[in-house]
Amino acid sequence: MIKPEWNDFVALLKREVVPALGCTEPITISLATASAVKALGKNPETVSVKVSGNLLKNGMGVGVPGTGMTGLDIAAAVGATGGNADLSLEVLRDLTREQIAEGRKMLAENRVSVELADTRELLYAAVTVIHGEDSAHCVIARNHTAIVLLERNGEEIFSAPWPGESEEDENWPLTMERIHDFSVNAPFDMISFILEAARLNEAIAAEGMQHDWGLKVGKSIEEDIKQGLRADAVASCAIKMAAAASDARMDGVMLPVMSNSGSGNQGITATIPVVAMARKQGIADEPLARALIMSHLTAIHAKHHLGRLSALCGAVLAATGASCGMVLLMGGGLKEAGFAIKNMVGSIAGMICDGAKPACSLKVASAVEAAVQAAFLAKRGTSANGHEGIVDDDVEACIRNLGRLGTCGMAQTDKVILDIMVGK
């Protein structure tokens, strides 16, 4: 029997687990720029970008797909010359060499500017494009694809409520009990779509293993295995494949990933460890799909309490989801999933986010290693005690504590990180 809320869970997954090409912060700039250019109706002579500090932090050092360059300026430039606003987070999918060259030319001619916006929003991008006397303006806020305002020559042509201000956002439907119930009992044909996450993210992991992307963390782990420095087991497989996918993605590979909560690395981290365990143990598609549903919904649930951008690394939350998914693959239930969450909160809860960059693959690797350990301990009935640190015996309180740490507790941390980064 299909429960009424299950359809809502499917809709939530299809909204939050979507394909994304490139790091979602610079891609947000590309999308805003492409949308403004579409409204302008002609190639712009200049592009002006204003962004929140968190968005700037997460776009400074990451590769922009196809360009061989990093930064929000090139993301805006190629968004203007070749972005397709209708493709959302895959806005740069159809870039040509000529369009990339034209974008580089715009930068060389100083026709693209990027500066901090005067806003307290964590995720905010405002792009203005100008050609002669005509201009267009696009604002994205709070969600990487949430266009809240579009203007042409100062006249509004589109507006939408800011995410988080509608009544729907006040009625959060997820709890770990509901997530587990849905993951275990929903009809397979209702959840089989999540296997596309495995296909996409395995493909980019394979690319990261085959070629020299980023820091080559995944390839290095494979070399360690060949040299007998690491065991060729589930943990090593999960870590190397997740790191390899992040290596490729953060270095600007022209392959999409299945993202989670607006982040490609979170999508990779919520997917690959679960897939690695399933592949290593010869587990079929249906139990894999159920474990992926458990992982991705848990990550979405935890992310809801944190917000889109923060000083807390999102890989921690995604790896927490993956740990729950691995528990499910090993035959564990709701109780053991709760143990896994407590183990994760009790171990790597304080990992900072200091911007999107190639070194993110190191953090993904660390998060996945902790997730495997947390899952193995949980399956044995072992977990951090509710009297310890920010861990709580109530798993929902535990998740809320993690969100509180990242939002309230690390607000000043976020400012210090940004100050250090822009001061280099």
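These exercises work through one helix and the cavities of a predicted model.

Local features need pLDDT of at least 70, side-chain atom pairs count only at pLDDT 80 or more, and totals for chains, interfaces and linings use all residues. Residues are numbered from 1 along each chain as its sequence is written, and side-chain values use heavy atoms, without hydrogens and water.

**Exercise 1.** Find what span helix H13 should have, and whether H13 is enclosed or not.

Solution. Helices are DSSP runs of H or I with at least four residues, numbered from the N terminus. The expected span is 1.5 Å times one less than the number of residues. H13 (residues 314-329) has 16 residues and should therefore span 22 Å; its end C-alpha atoms are 23 Å apart, which agrees. Next, take burial (buried: under 20% relative accessible area, 1.4 Å probe, protein chains only). In H13, 16 of the 16 residues are buried, so the rest of the structure largely encloses this helix.

**Exercise 2.** Locate the largest cavity relative to the domains.

Solution. A cavity is a set of points on a 1 Å grid over the protein atoms alone where a 1.4 Å probe fits but cannot get out; lining residues have an atom within 4 Å of a point. The largest cavity holds about 320 Å³ of space. Among the 30 lining residues, Asn 58, Ser 263, Gln 266, Gly 314 and Cys 353 are the closest to its centre. Domain 1 (19-159) and domain 2 (176-423), with bounds from an automatic or database assignment, both contribute lining residues, so the largest cavity lies between them.

Conventions
Helix = DSSP H or I, 4+ residues; strand = E, 2+ residues; numbered from the N terminus. Buried < 20%, exposed > 50% of the residue type's maximum accessible area, 1.4 Å probe, protein only. 1 Å grid on protein atoms, 1.4 Å probe; cavity = no way out; pocket = protein on both sides within 12 Å on 5 of 7 lines; lining within 4 Å. Points joined across faces, edges and corners; volume = space filled by probe spheres on them.
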